[in-house]
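Here are my notes for your first walk through this model. Keep the structure open beside you and look up each residue as you read.

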2 protein chains.
Amino acid sequence: MEKVREIVREGRRVGKEDPRRVVHAFKVGLALAFVSSFYYYQPLYDNFGVNAMWAVMTVVVVFEFSVGATLGKGINRAVATLVAGGLGIGAHHLASLSGPTIEPILLAIFVFVQAALSTFVRFFPRVKARYDYGILIFILTFSLISVSGFREDEILDLAHKRLSTVIMGGVSCVLISIFVCPVWAGQDLHSLLASNLDTLSHFLQEFGDEYFEATDDGDINEVEKRRKNLERYKSVLNSKSNEEALANFAKWEPRHGQFRFRHPWQQYLAVAALLRQCAYRIDALNSYLNSDFQIPMDIKKKLEEPLRRMSSESAKSMKEMSISLKKMTKLSSSDIHVLNSQSACKALSTLLKSGILNNVEPLQLISLTTTVSLLVDIVNLTEKISESVHELASAARFKNKMKPTASLKKSDSVSVGRAAVPIKSHDSDDHVVTILCDDDVSNTVDQWRGKSSVDSCHHVAIKIDDDDSVHEKHEDGEIHVHTSCDSCGPTNASNVLDSSSNKRISSN
Amino acid sequence: MEKVREIVREGRRVGKEDPRRVVHAFKVGLALAFVSSFYYYQPLYDNFGVNAMWAVMTVVVVFEFSVGATLGKGINRAVATLVAGGLGIGAHHLASLSGPTIEPILLAIFVFVQAALSTFVRFFPRVKARYDYGILIFILTFSLISVSGFREDEILDLAHKRLSTVIMGGVSCVLISIFVCPVWAGQDLHSLLASNLDTLSHFLQEFGDEYFEATDDGDINEVEKRRKNLERYKSVLNSKSNEEALANFAKWEPRHGQFRFRHPWQQYLAVAALLRQCAYRIDALNSYLNSDFQIPMDIKKKLEEPLRRMSSESAKSMKEMSISLKKMTKLSSSDIHVLNSQSACKALSTLLKSGILNNVEPLQLISLTTTVSLLVDIVNLTEKISESVHELASAARFKNKMKPTASLKKSDSVSVGRAAVPIKSHDSDDHVVTILCDDDVSNTVDQWRGKSSVDSCHHVAIKIDDDDSVHEKHEDGEIHVHTSCDSCGPTNASNVLDSSSNKRISSN
C-alpha cells in the first residue's frame, strides 16, 4: 500500500515536472488504439491480414516524445524497410538461382556479411547520431526477407504489404505527433538555451548581495530556499548530452513557428558549450560563497563597487540575451552591458594597481583574488557568449529590434558629461540611458576589445527601454560591439586586467 | 570514389579506436546467421513456421555491444513478453465475453489505457534507466495479442511459439555475447575510472614543468604533441552520461573476473563525480598555462617548490589510485602522497605569510594566487577522491596489498630527523621513503585532517616500493590516513591554508 502511494506520488511529480508527458502518453494511446482498429475494420483486415501487426509495431517503436525524434525514426524506418526489402529480394533471388543445396549456405553468408558490415557502420559517430535506428531496421528487414522460405511472388506481396503497413503506422505517428499538442525538439532546445542563460544570469545578479552582505542566518528555510534557487546553475554543468540529443532531433523537424527547416542548430550547441564553461566558473565561485573561511567584510568592501558591477552587468547582458532568444529578436543593449562590465574590470585593475590590497593578509588575499579572477573570467566569457549569440541571431535571421527614432547631436552628448566609464542613470529595467561619449572612453573600449584599430571615434549610444521599444543612435562612427574579438584567447583574468601593460608574451 | 576512400578511412579509425567493435560486428553476424538457420532447418521450421522470424527480430534488437546491455535487453524482452502475453490473453478473453459489438470497443479501450499508462511510466527516471525497453515490449506484445483476431486456442499456441522463439533468440545473443570475446560494461567502467585517474594524474605530473620551465618553442610538432597529450583530461569533463550508462549496464552483469554480481557500481559514479570536479579545476589551471599573459619567471620561482610538490604529490596519489584500481588492491601509499601534498600546502601558507609576494604587481599577483588557489582546490579534491576510492576498495572488497615485514623502533625514526614536513628521499617511483616522525608533525597532520582528536601520537610510515611489494610499519599509534575528513566542506583554498589561524566563521 505504501509502495502504491509512493508510485502515485512519483507519478504526480513526473507529470508536474513536464505536463506534456501526460499529453504524450494520451497521444500514444490514441495512435495505438487507432492503428489497432485495422484489425477490427473488416475491409482493411481483408487486405492486410496479419500484416496489420506491423502498423502496431511501428507505432509502438516509432512514437517518441518530440516531433523530431518521431520523424527521424519514422523516416529511418520507412527508408530502411524500402532499401532492405529491395536488397533482400535481390539476395533471395540470387540465392534461389544456385540450387537447393547451396541456397541456404549462400543466404547465411549474405545475412552474415550484411549484419556484420551494418553493425560495424553503426559505430561511426555521424551514423550513430542520426541513422542508428535506420540501420537496425535495415539489418532486420534484410534478414527477414532474404531468409523467409517463401516463393518470390509471395515475397513481393509480403514486402508490399509490410511496407504499406509500416508507412501507415509511421504516418499516423507523425501526424498525431505534429497535430495534437506537438512537442518540438527545436523549440525545447531553444528554450533550454534561453533558460540556461537566465539561470546563469540569476546567479550573477544575486552574487553581489550574497558576497557582500552579511548573512543574518535569520530564517533557515528562507536561506535554504535562496541557496537552492541560486544553485539552479548546476543543471547547466551536465547539460551536454541532452542538448546534443535535442539538436539531433531538431534537425529532422520541418518548419514550425519561427524555426526554419535548416535552422542553425549547430550554433545553439556552440553557445551552449560556452555557457557550460561559464557554469564551471560559477561553480567555483559558488564554493567561495559557501566556504567556512570568510574574508572580513571591510576587506571585501574595498573591491565591492567594481566586483558588484562586473557581476551585475554580466548578469544583465545574459538576461538580455535570454530575452532576445525568447523573443527571437537581435540583441540590442547586451553589448553595452558587456562593455560596462569590462569597464568595471578596468576600474578594478586601476584600483588594484593603486595598492589597495597591500596590507591584506596573504590567505585572505588568495581567496579574494581568486574571486576576482573568476569574475574576470566570467566577464570574458560573457563577451564570447554575446558574440556567439550574435552569430546565432544572424544565422537564424532573428528580427531586428532597433527602430531609430531619437536624434542626438554629438555636442549634446558631450554636454551630458565626459565620463571615463559608461554611465547608467538607473538600475531598473526600463529607462536605461547608457552613454559612451569621448576619446577617453573610446580608447578604453578599444583596449578592452583587443586589436580594434579605429582611433578615437566618438560613441553615442542611447537606449530608452520603454514599452519594449528601443531607440538607439550612433554618431561619428560605429559602436564597436560587433567587432570580432581576435585577442580573446583562453579566458584569463590577468589577460584582460593587463590590457594597458605591455608585458604580454606572444603565445605563438 | 573520394567518398568511398573517406568512408574506408573512417572505418579504419573507428576500428582502431576500439578493435572490439570489429569483433562485435562479427558476433552479431554470427548470431543472426545462426538463428536464421531456423528457417532452413526443416524440423525447426515445421515446429515454428513463420514465428521463426521472432528469433531473428530478437537477435537484431537485443544484441548490444556489452554483455550487460545485451542481458538487460534480453531479460526485459523475455519478461515483458511473458507478462504482456498473459495480460493480453486475459484482455482478449474478457472482451470476447461481451459480444461482437462491444468487443472491439472494449479492446480499443484496453489498448488505449495500457499504452497511455505504460508510456507515462516510461518517464519515471528509475524505470527509464533500467526497464525502458521492457515497457516498450510490454506495450507491443499486449497490443498485438489482445487485438489479434484469432480464436483463443490459436492465441495460446501463438503466444507459446512467440515466447519460445523470443527466448531462443535472446539466449543465443546472451550466450554468444558472454562466451565469444565478451565485452563487460563493468570492466569498461572500471577501466574508464582508472584511466581517468591516470589522465588527471598525468596533467598534474606535467604541470610543474609546464608552468615553471620556459618553453623554448623549439619543435612545433613536439610542443603540439605534448599539449595534446596534456589536454587528454578534457575527455573527463563530459564523461558523466557515458559512466552512468555503463553503470546501468554493469548492474545486469553476472559475476565476471573479479567483479561480483552486486559490485558497488554506484560508488564508481561517486568517484567519477569527484574526478569531474577535479577536471573542472584542471581546465581552469590549463587556461593559465596557455594564457598570453605570463608572469615573469623570477616571481613564479618564489613559489616553485611548494607548488611543484603540491601538484606532483597529488599526481602521485592519483597514479597510485589508478594502479590500485587496475590491480584491484587496496590503496597503500596514496594517503602518504595526500599528506605530502597537504604539507606542501602548509609550507606554501607559511611562505605566503612571510610576505614573499609583497612586492609583486597586483595583476601578476592575481594570476599567481589563482593558480595557487586552484592547486589547493585540487589537493583538497585529491583527498576526497582518495577517501572515495578507499570506500570503493572496501565496498568492492579489494585485496589487501600490505605485507608488514620491516620493523623500526621509534628512536630510529626520530634519529632520522625531526621534520615538520614529511621527507621524501627520492622522487623516482621506487624506493620511496616517507617519514612522519614527531609531535610537531603529528600536530601538523592533525590540523590537516581537521578534527582528528588524537594528541601527539607518533607516526612512522616507511614505504619501500620494490618489485611491486610494499612494506609498511606503523608504531606508537596509527597512521591517520583513514580518519574521515569531517572538516572538508566546499573545497576552498583559504579553508585549508587557514588551518592554523582561527579566523574561521562557522557556516551553520
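1. Start at B:I385 in this predicted model. Setting aside neighbours within four places in sequence, B:I385 is in contact with B:L197, B:V271, B:L274, B:L275, B:C278, B:M318 and B:M321. Which residues have the most contacts inside the largest nonpolar core? They are B:I385 and A:I385, and that core has 139 residues. Another core lies apart from it, with 85 residues, among them A:L32, A:F38, A:C173 and A:I176.

2. Next, take a look at chain A as a whole. Chain A contains 20 helices and two strands. Of its 508 residues, 56% count as buried. Now consider contacts in chain A between residues at least 6 apart in sequence: 78% of these join residues at least 24 apart.

3. Helix α17 of chain A covers residues 362-395. Its 34 residues should span 50 Å at 1.5 Å a residue, and because the end C-alpha atoms are 49 Å apart, the two values agree. If you try the sum yourself, remember that the expected span uses one less than the number of residues. Is this helix largely enclosed or open? It is largely enclosed by the rest of the structure, because 30 of the 34 residues of α17(A) are buried. After α17(A) comes A:R397, which has a positive phi, near 50°.

4. You can repeat the length check on helix α6 of chain A, residues 102-121. Its 20 residues should span 28 Å at 1.5 Å a residue, and the end C-alpha atoms are indeed 28 Å apart. The buried residues of α6(A) are A:L107, A:A108, A:V111, A:Q114, A:A115, A:A116, A:S118, A:T119 and A:F120. What covers them? The cover includes α5 (67-96) and α7 (125-147) of chain A, and also α1 (2-17) and α2 (20-40) of chain B. Try showing both chains when you view this helix.

5. B:R77 deserves a pause. It lies in helix α5 (residues 67-97) of chain B. B:R77 is buried yet has no salt bridge, and the nearest side chain of opposite charge, B:E64, is 10 Å away. A salt bridge needs the nitrogen and oxygen within 4 Å. What does the side chain of B:R77 meet in a polar contact? The partner is the side chain of B:Y133, at 2.7 Å. Leaving aside neighbours within four places in sequence, B:R77 is also in contact with residues including B:W54, B:T58, B:V61, B:V62, B:I137 and B:V166.

6. Now for the salt bridges themselves. How many does a search of the whole structure find? There are 46 over all chains. One of them joins A:R13 and A:E17, whose closest N and O atoms are 2.7 Å apart. Why are these two separated by about one helical turn? The reason is that A:R13 and A:E17 are four residues apart in helix α1 (residues 2-17) of chain A. A:R13 counts as partly exposed because its relative accessibility is 38%, while A:E17 counts as exposed at 52%.

7. A second salt bridge links distant parts of chain A. The side chains of A:R227 and A:E210 meet at 3.8 Å, N to O. A:R227 is in helix α10 (residues 220-230) and A:E210 in helix α9 (residues 185-212), and the two are 17 residues apart. A:E210 is buried, with a relative accessible area of 13%.

8. In chain B, a salt bridge joins B:E304 and B:K301, with the closest N and O atoms 3.2 Å apart. Are the two partners buried or exposed? B:E304 counts as buried, at 15% relative accessibility, whereas B:K301 is partly exposed, at 38%. Some salt bridges also share partners: A:E10, A:R13, A:E17 and A:R21 are joined into one network in this way.

9. Finish with A:R20, which lies in helix α2 (residues 20-40) of chain A. Its relative accessibility is 31%, so A:R20 counts as partly exposed. How far apart are A:R20 and A:V183 in sequence and in space? They are 163 residues apart in sequence and 7.7 Å apart in space, C-alpha to C-alpha. Not counting residues up to four places away in sequence, A:R20 touches A:F65, A:V183 and A:D188.

Notes
Residues numbered from 1 in each chain as written. Chains lettered and ligands numbered in written order. Predicted model: local features only at pLDDT ≥ 70, side-chain atom pairs only at ≥ 80, totals over all residues. Heavy atoms only, no water. Buried < 20%, exposed > 50% of the residue type's maximum accessible area, 1.4 Å probe, protein only. Lys, Arg positive; Asp, Glu negative; His and termini not counted. Polar contact = N/O pair within 3.5 Å; in protein donor to acceptor, adjacent residues only side chain to side chain. Contact = heavy atoms within 4.5 Å. Core = buried A, V, L, I, M, F, W, Y, C linked by side-chain atoms within 4.5 Å.
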